[in-house]
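Visitor: I would like to learn how to read a model of this kind, one feature at a time. Could you take me through it slowly?

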Amino acid sequence: MDLGRSARNNAAWCAAMCRAHGLSGGTADARAWTSPRRTPPYYPDAVTLAPGLTPHDVRDVLDAVDRRAPGCSVKDSFAELDLTGHGFTLLFEAQWIHRPADLPAPAGPAPGEAAWRPVRTPAALAAWEAAWSDGDPSGLFRPALLDDPSTTVLAGHAPDGRIVSGAVVSHAAGVAGVSNLFGGAAAWPGCLAAIAARLPGTPVVGYEHGDDLDAALRHGFTATGPLRVWLSTQAAPDGDDAHAADSRERAAADT
């Protein structure tokens with residue numbers, strides 16, 4: 001599995017989330033996707049798209065994001081960067097996962113199990129987020145996502161109609177990327193069956209770590225390579241030319 005496809009899919013999802021929040025969606029080149037404005041919570045400001053970035057490439061990536069205050073994050077898709085010298089600390093490490101297109105999908109839900117279907121309305125999306133956040137929704141998932149052709153929000157419904165599991169599926173770069181899965185390990189069969197019904201013959205990718213990675217591996221995924229997420233703990237150092245680049249990028253985003 002080409003890790004670049006997983007990274008591009010993930011970047012497409014980040015861009016969709018930015019657009020749903022009224023941001024531009026960022027820009028991408030062969031090296032990275034970057035957002036000149038701070039992204040929504042939990043979403044990176046940059047995602048690297050190719051291995052082998054040079055120090056000059058890294059500088060260009062960091063110059064394209066807003067580092068005026070702490071909190072900027074970079075998804076190092078190939079786990080090969082060291083951003084400590086730029087004021088970042090390692091937030092977490094994970095593994096990209098891949099499930100082949102020719103692997104049979106799990107059977108549909110048995111009686112009494114969650115029935116999975118797409119979320120269609122803003123009210124249903126609010127209920128989905130409340131379930132995802134254990135009853136503490138913040139409006140992170142905006143109704144504009146429901147109109148994004150590359151994004152499907154899936155919900156697993158109990159027999160009484162309650163949402164008990166769910167996930168977001170981003171169909172980009174020739175793969176189906178799963179994120180924000182909730183409902184525990186038992187959510188995977190329903191999620192995968194729903195993806196197979198909507199996107200037959202499509203490989204499924206994502207990333208996980210810890211117990212969530214173990215659960216994915218038990219459901220037909222393989223780990224294909226590491227990634228890291230870096231978080232800035234300080235503003236760009238004095239004299240860092242990122243300040244000037246930030247200003248140019250923000251000015252462009254406002255036009």
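Guide: We will go through the sheet, the helices beside it, an aromatic pair, and then the enclosed and open spaces. Please keep in mind throughout that this is a predicted model.

Visitor: In what order do the strands of the sheet lie, and how are they paired?

Guide: Strands of a sheet pair through backbone hydrogen bonds, and they may do so either parallel or antiparallel. Here 11 strands form an open sheet with mixed pairing, and reading across it the order is β1-β2-β3-β4-β11-β5-β10-β9-β8-β7-β6. The edges are β1 (27–28) and β6 (115–118), each of which pairs on one side only.

Visitor: How many bridges join β8 to β9, and which way do these strands run?

Guide: Strand β8 (residues 163–172) and strand β9 (residues 175–182) are antiparallel and are joined by 6 bridges. One place to look is Ala-172, whose bridge partner in β9 is Val-175.

Visitor: Which strands do helices α3 and α4 meet?

Guide: Helix α3 (residues 122–132) packs on the sheet and touches β7 (151–157), β8 and β9, with its direction at about 110° to that of β8. Helix α4 (residues 187–198) lies across β5 (88–99), β6, β7, β8, β9 and β10 (204–208), and it runs at about 150° to β9.

Visitor: What kind of aromatic pair do Trp-128 and Phe-182 form?

Guide: The whole structure has 8 aromatic pairs. Trp-128 and Phe-182 form one that is edge-to-face, because planes over 60 degrees apart are counted in that way and these two are at 75°, with 5.4 Å from centre to centre. The pair links distant parts of the chain, since Trp-128 belongs to helix α3 and Phe-182 to strand β9, 54 residues apart.

Visitor: What lines the largest cavity?

Guide: The search finds 1 cavity of 30 Å³ or more, and the space in the largest cavity is about 40 Å³. Its lining consists of Thr-152, Leu-154, Val-169, Ala-194, Ile-195, Arg-198 and Leu-199, which divide into 5 nonpolar, 1 polar and 1 charged. Helix α4 provides the largest share of this lining, 3 residues.

Visitor: Which residues of the largest pocket are closest to its centre?

Guide: The largest pocket holds about 1,000 Å³ of space, and of its 40 lining residues the closest to the centre are Tyr-42, Phe-92, Ser-179, Asn-180 and Tyr-207. Strand β9 gives the most to the lining, with 6 residues, and by class the lining has 22 nonpolar, 13 polar and 5 charged residues.

Methods
Residues numbered from 1 in each chain as written. Predicted model: local features only at pLDDT ≥ 70, side-chain atom pairs only at ≥ 80, totals over all residues. Heavy atoms only, no water. Pairing = 2+ DSSP bridges. Helix = DSSP H or I, 4+ residues; strand = E, 2+ residues; numbered from the N terminus. Contact = heavy atoms within 4.5 Å. Axes fitted to C-alpha atoms, helices over the stretch in contact; angles between N-to-C directions. 1 Å grid on protein atoms, 1.4 Å probe; cavity = no way out; pocket = protein on both sides within 12 Å on 5 of 7 lines; lining within 4 Å. Points joined across faces, edges and corners; volume = space filled by probe spheres on them. Nonpolar A, V, L, I, M, F, W, Y, C, P; charged D, E, K, R; others polar. Phe/Tyr/Trp six-rings, centres within 6.5 Å; stacked < 30°, edge-to-face > 60°.
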